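Q: Please take a close look at one part of this model, the second largest pocket, and describe its lining together with the charged pairs that involve its residues.

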Amino acid sequence: MELRRLGTSAKLAAILALSIGLAGCAGGDSGPISFTADRGAADQPFPTNYRAEILAFMRTYLNNPVGVRDAAIAEPVQRTIGGRLRYVACVRYSAKDSDGNYRPAREHGVVFVDGRLDRIMENAAELCAGVSYGQFAELGNLSR
């Protein structure tokens with residue numbers, strides 16, 4: 001009986017030690033977890049393949065990538081997001097709903113970290129203020 005209590009106590013102590021160790025790993029000033037290796041550096045490289053990366057992403061992001069209308073894109077500009085300097089390419093388009101009707105054109109901000117696409121921001125009116133749009137015909141020509 002005494003050995004069983006000692007074994008249970010040892011297990012509880014091990015669990016406690018493990019959880020304290022994991023809490024130490026989770027803490028700190030590292031910020032949110034990201035899929036890209038964010039160095040947090042202010043000297044972000046310009047995303048040279050931004051158009052191709054956005055097209056590849058939109059094939060999976062849009063429910064129906066066929067027949068996108070009024071597609072326009074702005075060249076990436078540097079903006080501060082979450083206290084860090086990032087390149088943001090603004091994209092405006094009108095896509096089909098699941099019922100086949102077109103939604104009104106909306107602006108999206110595509111954020112790049114270390115020259116690679118990191119995420120898309122739905123509400124990008126502030127991020128995209130003052131950018132100059134040009135045609136983005138490739139987005140209108142997507143297929144499934």
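A: In this predicted model, the second largest pocket has a volume of about 170 Å³. Its lining is made up of 15 residues, and those closest to the centre of the pocket are Leu62, Tyr93, Ala95, Arg103 and Arg106. Two elements, β3 (84-94) and β4, each give two or more residues to this lining. Sorted by class, the lining comprises five nonpolar, five polar and five charged residues.

Two of the residues named above, Arg103 and Arg106, also take part in salt bridges, and each can be followed in turn. Side chains of opposite charge can pair when their charged atoms come close.

The side chain of Arg103 meets that of Asp97 in a salt bridge, with a separation of 3.4 Å from N to O. Arg103 has a relative accessible area of 31%, and because this value falls between the limits of 20% for buried and 50% for exposed, the residue is classed as partly exposed. Its partner Asp97, with a relative accessible area of 32%, is likewise partly exposed.

Arg106, for its part, forms a salt bridge with Glu122, and here the N to O distance is 2.6 Å. Arg106 lies in strand β4 (residues 106-113), whereas Glu122 belongs to the loop between β5 (116-121) and β6 (134-135), so the pair ties together parts of the chain that are 16 residues apart in sequence. Arg106 is partly exposed, its relative accessible area being 34%, and Glu122 counts as partly exposed as well, at 33% relative accessibility.

To place these two pairs in a wider setting, the structure holds four salt bridges. Another of them joins Arg51 to Glu138, where the closest N and O atoms are 3.2 Å apart. This pair links distant parts of the chain, since Arg51 sits in helix α2 (residues 50-61) and Glu138 in helix α3 (residues 137-140), with the two positions 87 residues apart in numbering. Arg51 counts as partly exposed at 27% relative accessibility, and Glu138 is also partly exposed, at 36%.

Returning to the pocket, Arg103 and Arg106 are thus among the residues closest to its centre, while the side chain of Arg103 is paired with that of Asp97 and the side chain of Arg106 with that of Glu122.

Note on methods: Residues numbered from 1 in each chain as written. Predicted model: local features only at pLDDT ≥ 70, side-chain atom pairs only at ≥ 80, totals over all residues. Heavy atoms only, no water. Helix = DSSP H or I, 4+ residues; strand = E, 2+ residues; numbered from the N terminus. Buried < 20%, exposed > 50% of the residue type's maximum accessible area, 1.4 Å probe, protein only. 1 Å grid on protein atoms, 1.4 Å probe; cavity = no way out; pocket = protein on both sides within 12 Å on 5 of 7 lines; lining within 4 Å. Points joined across faces, edges and corners; volume = space filled by probe spheres on them. Nonpolar A, V, L, I, M, F, W, Y, C, P; charged D, E, K, R; others polar.
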